[in-house]
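Here are two short exercises to try with the structure open beside you. Take each one step by step, and compare your reasoning with the worked solution.

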Amino acid sequence: MFDRKPVRLDPRTPWFAGVRTALSPMAGVTDRAFRDICREHGAGIAFCEFTAAKGLTYDIPQAWRLVDTEGERGLVGVQIFGNEPAAMAGAARMMAGRRLDVLDINFGCPAKKVVAKCGGSALLADVPLLTEIAAAVVAASPAPVSAKIRTGWDEASVNYREVGLALQEAGCVWVTLHGRTRAQKFTGEADWERIADLVDTLDIPVIGNGDVVDGDGYASMVRATRCHAVMVGRAATGDPWLFEAMDAAEGLRAYAPPTLAEIFATVERHIADECRLKGERIGSQVVRKHVVRYFRGFPGAAAIRRRLFATETGERMLAVLAEVREESDLRQRADRDP
Ligand SMILES: Cc1cc2nc3c(=O)[nH]c(=O)nc-3n(C[C@H](O)[C@H](O)[C@H](O)COP(=O)(O)O)c2cc1C
């Protein structure tokens, strides 16, 4: 459908030829329930929230819960961060026998608490250490290894080309580039020209990332960069149908925006899944940020949010949702038959 750069696929990842969309790793967001929903709507691969390598090597249950992919159907990536090659390799080794299709290294996180420990994007400013980490993880990992980077630490030290080539040389099977520097965090616009440049520079596939919010955005990014696949993060929250829209832009299916009934059904399912997987109390807390996004832009969204947030269990949340749904059905009927 689109003119894409021919790439060298790793023999261990032939399936990547057909992957055109990816759900970003997002801390606090891309848990099991959300990954499942996004894949059902077409996400080619879905990434777990990032996990500290040391949390895994110290056997901290909370760290292991973030990468619990047991029985997960469809392609799934685990992402680790850290600044010590031995700990990163140790965490990679511990993936043996676990359910994952790729182990991703986070070299892009701008969060202070990660950067302060010289993890995430801080490593973009230390290419020898970044390279050492990538090589150690590749050597230790039972799964193929990919990496996610930003364009550089700041505008004065943009080095995605040098970093991308080092990662390719170290044996990464692909590189994801979020087209911002660390200094930009989430401000400004992702620079797709730099993504295009990395696509041209590397032989391995590049996943483009940053600011795609709909099917048109997908098509624009692929046209502008010739990237192998597009990764979406923020825009997928509350809109897993975005993956259908991107598949439609690729010519793989038709797309129609979700109906109100589909949105309600997905929200109900999401609440139920979170509560089943995390327990009523935590599940109903965690799902709130998603619920807000599902109803974003709805008439009466603020009131729906208030009513849902006043509940303390998933069961009560579902009951409130049923009430809201009934009221909206009534309103729609009233609008039709005044
Ligand atoms: C709440 C939140 C959490 C994130 N957590 C991670 C993470 O754990 N690992 C990572 O590599 N990137 C993380 N990111 C960055 C996203 O994966 C993505 O690169 C970024 O949001 C740009 O893509 P977008 O414009 O499609 O959102 C996070 C972003 C957000 C908004």
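**Exercise 1.** Find which side chains make polar contacts with the ligand, and how much of the ligand the protein covers.

*Solution.* Step 1: start at Q79, where an N or O atom of the side chain is 2.8 Å from a nitrogen atom of the ligand. A polar contact is a pair of N or O atoms within 3.5 Å; within protein, one must be able to donate a hydrogen and the other to accept it, and residues adjacent in sequence count only if both atoms are side-chain atoms.

Step 2: turn to the ligand's oxygen atoms. One lies 3.1 Å from a polar side-chain atom of S24, and an oxygen atom is 3.2 Å from an N or O atom in the side chain of N106.

Step 3: look at the cover. On its own the ligand has 610 Å² of accessible area (Shrake-Rupley method, 1.4 Å probe), and the protein covers 85% of those 610 Å².

A word on the model: it is predicted, so local features need pLDDT of at least 70 and side-chain atom pairs count only at pLDDT 80 or more, while totals for chains, interfaces and linings use all residues. Residues are numbered from 1 along each chain as its sequence is written, and side-chain values use heavy atoms, leaving out hydrogens and water.

**Exercise 2.** Is R4 buried or exposed, and what does its side chain contact?

*Solution.* Step 1: R4 has a relative accessible area of 14%, so R4 is buried (under 20%; exposed is over 50%, partly exposed in between; 1.4 Å probe, protein chains only).

Step 2: the side chains of R4 and Y218 share a polar contact of 3.1 Å.

Step 3: a polar atom of the R4 side chain also lies 3.4 Å from the backbone oxygen of H228.
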